[in-house]
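Work through these short exercises with the model open beside you. Try each task before you read its solution.

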Amino acid sequence: MSLSLVHSRALLGLDARPVQVEVHLANGLPSFTLVGLADTEVKEARERVRSAIANAGLEFPSNKRITVNLAPADLPKDSGRFDLPIALGILAASGQIDPARLDGWEFAGELSLGGELRPVRGALAMSLALHQGGGTVRLVLPPGSAEEAALVPQAQVHRARHLLDVVAQFLPTRAEAGGEPPSDGDGWVRLAPTELGQPAPCADLADVKGQAAAKRALEIAAAGGHSLLMVGPPGSGKSMLAQRFAGLLPPMDTTEALESAAVASLAGRFHPDRWGQRPTCAPHHSASAVALVGGGSPPRPGEISLAHHGVLFLDELPEFPRAALEALREPLESGHIRISRAAMQSEFPARFQLIAAMNPCPCGFLGHPSRACRDTPDQIARYQSKLSGPLLDRIDLHVEVPALPPDDLLHGVAGEPSGAVRERVVAARDRAQARQGCTNQALAGQALDQHVGADQAALKFLNTAAARLGWSARSTHRALRVARTIADLAGCDAVGVGHVAEAVQYRRALRQGH
């Protein structure tokens, strides 16, 4: 009778919880029992582990009663990440590797029937949890997952391609416990942390001709972290403008890059070549509420979390399901989404910038200079009412993108490049960070009163505009934040009447009729 203990991690949202894989071998009727609130994928590990050990030329104790416990028992476990620690636990309990030398290591990886290691989701979240917890625990992961985990600064990550590569490091004949196992060629490699490189070039704003007002709104949105709604007829350039918005944002710092990459890793959508790039998510308008905000069992991140520290572009906004749009209300305010289910509750970050585009009416030509709108006022009202007042109230900037005359399109000069706009955006964000430690969009409560710096004339103008236009308190505060951003772009310490006047024009209502 023998017992072994191997350490791993289970993912609950972005939280990587420690899991102890306990393996007990005893005499009795041969069996292989796995307990500890394991999902179907985990229970199937019994057949993968049995075949992997046998095909690797190792001895599987088929004449023993094998009991594997994944502790804590009340924590749900899913995916094939526990294949490798279960296999190592069986080998340690049967005396084929040294159990004492497994202390200070954590393992995760799915096994093929031949013993090769396959990538698992959430490797970056596991490495972040180890880094935040301190200590000197080392992590062993398969190819593809190990490179993700090595992005965390000071992470001790080892990549193994095969079960035998791992077993060779923990044989009883190796160095004493606590020593660093030597590298055995390409099969077992310690990875160096990856430095944050330069982001890949994005589409240039200079490609868009005309649309000075929309470009100005994009610059303000980028500088202050504001959300933006563009309204205009088909072919006016709304999608082109949105696709170039990410190129106006400042480069990501290491913390932002790690948080964004951890969410992508959890969803299985992380690519090393996108490391350090701000994500831009553009789901189709048929996306459900679960696809947008996350859900499922166990809960998985949705598009708003995958766009964390990046851009969420919703084209044809009124065509999205009403439930999906209304689910965006709380994340737009709080910057996170909490998904509650009967068995568990998960929280995902969702600090994204919403860029939305829509037509003014079903046919798209309301207000067009040369084409007549063929919709009735009732049809226009029904179309625009797909967007609720509370949702529109949470979008900071509303801007019209009119149709471009053919002469301006064919003979117009190239606009200002993204690099020049980004320099002003970075300078404005630096002013905000130095003043209040966050973007202007995040100002609220006493911080807004303290840092907005508006003079009395500006406040009087804003008060008059809010009263005449019937704004809510939220709309008034959002206009004040936008005015603060406009002042930062101009290099002004105080918010004046001109800054407020420009901010007020971005809170216009949609055109309501012919």
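**Exercise 1. The first hairpin**

Task: In this predicted model, find the residue of β2 that is the bridge partner of H7.

Solution:
- Start with the two strands. β1 covers residues 2-12, and β2 covers residues 15-26.
- Next, take their direction. They pair in the antiparallel sense, over 11 bridges.
- Now go to H7 and cross to β2. The bridge partner is Q20.
- Finish at the turn. The hairpin has 2 residues between the strands, and G13 takes a positive phi near 70° there.

**Exercise 2. Cysteines without a partner**

Task: How many disulfides does the structure hold? Then explain the state of C373 and C492.

Solution:
- Count the disulfides. The structure holds 0.
- Check C373. The nearest cysteine sulfur is that of C363, 3.7 Å away, and C373 is in no disulfide.
- Apply the cut-off. A disulfide needs two cysteine sulfur atoms within 2.5 Å, so 3.7 Å fails the test.
- Check C492. Its closest cysteine sulfur is in C438, 20 Å away, which is too far for a bond.
- Add the surroundings. C373 counts as buried, at 16% relative accessibility. C492 counts as partly exposed, at 27%.

**Exercise 3. A helix and its neighbours**

Task: Which residues of helix α21 are buried, and which helices do they pack against?

Solution:
- Locate α21. The helix runs over residues 497-505.
- List its buried residues. They are H499, V500, E502, A503 and V504.
- Recall the geometry. An α-helix has 3.6 residues a turn, so residues three or four places apart point the same way.
- Look at what these buried residues pack against. The partners are α7 (212-224), α19 (456-469) and α20 (473-489).

**Exercise 4. A glutamate in a helix**

Task: Is E259 buried, partly exposed or exposed, and which residues does E259 touch?

Solution:
- Place the residue. E259 is in helix α9, residues 254-266.
- Read its accessibility. The relative accessible area is 34%, so E259 is partly exposed: the value lies between 20% and 50%.
- Find its contacts. Leaving out residues up to four places away in sequence, E259 touches H308 and H309.
- Compare chain and space. E259 and L128 are 131 residues apart along the chain, yet their C-alpha atoms are separated by 9.1 Å.

**Exercise 5. Backbone angles in loops**

Task: Where do Q154 and Q211 lie, and is each one buried or exposed? Then find where the cis peptide bond joining A71 to its partner sits.

Solution:
- Take Q154. Its phi is near 65°, a positive value in a residue other than glycine.
- Place Q154. The residue lies in the loop between α5 (145-149) and β9 (157-160). Q154 is exposed, with a relative accessible area of 70%.
- Take Q211. It is not a glycine either, and its phi is positive, about 55°.
- Place Q211. The residue lies in the loop between β10 (188-191) and α7. Q211 is buried, with a relative accessible area of 9%.
- Turn to the cis bond. It joins A71 and P72, with omega about 5°. P72 lies in the loop between β4 (65-71) and α3 (83-93).

**Exercise 6. The whole chain**

Task: What share of the residues is buried, and what share of the contacts is long in sequence?

Solution:
- Use the residue total. Of the 514 residues, 52% are buried.
- Then use the contacts between residues at least 6 apart in sequence. Of these, 76% join residues at least 24 apart.
- Close with the elements. The secondary structure comes to 21 helices and 19 strands.

Conventions: Residues are numbered from 1 along each chain as its sequence is written. This is a predicted model: local features need pLDDT of at least 70, side-chain atom pairs count only at pLDDT 80 or more; totals for chains, interfaces and linings use all residues. Side-chain values use heavy atoms; hydrogens and water are left out. Helices (H or I, at least four residues) and strands (E, at least two) are DSSP runs, numbered from the N terminus. Buried means under 20% relative accessible area, exposed over 50%, partly exposed in between (1.4 Å probe, protein chains only). Contact means heavy atoms within 4.5 Å. Two strands pair if DSSP finds at least two bridges between them.
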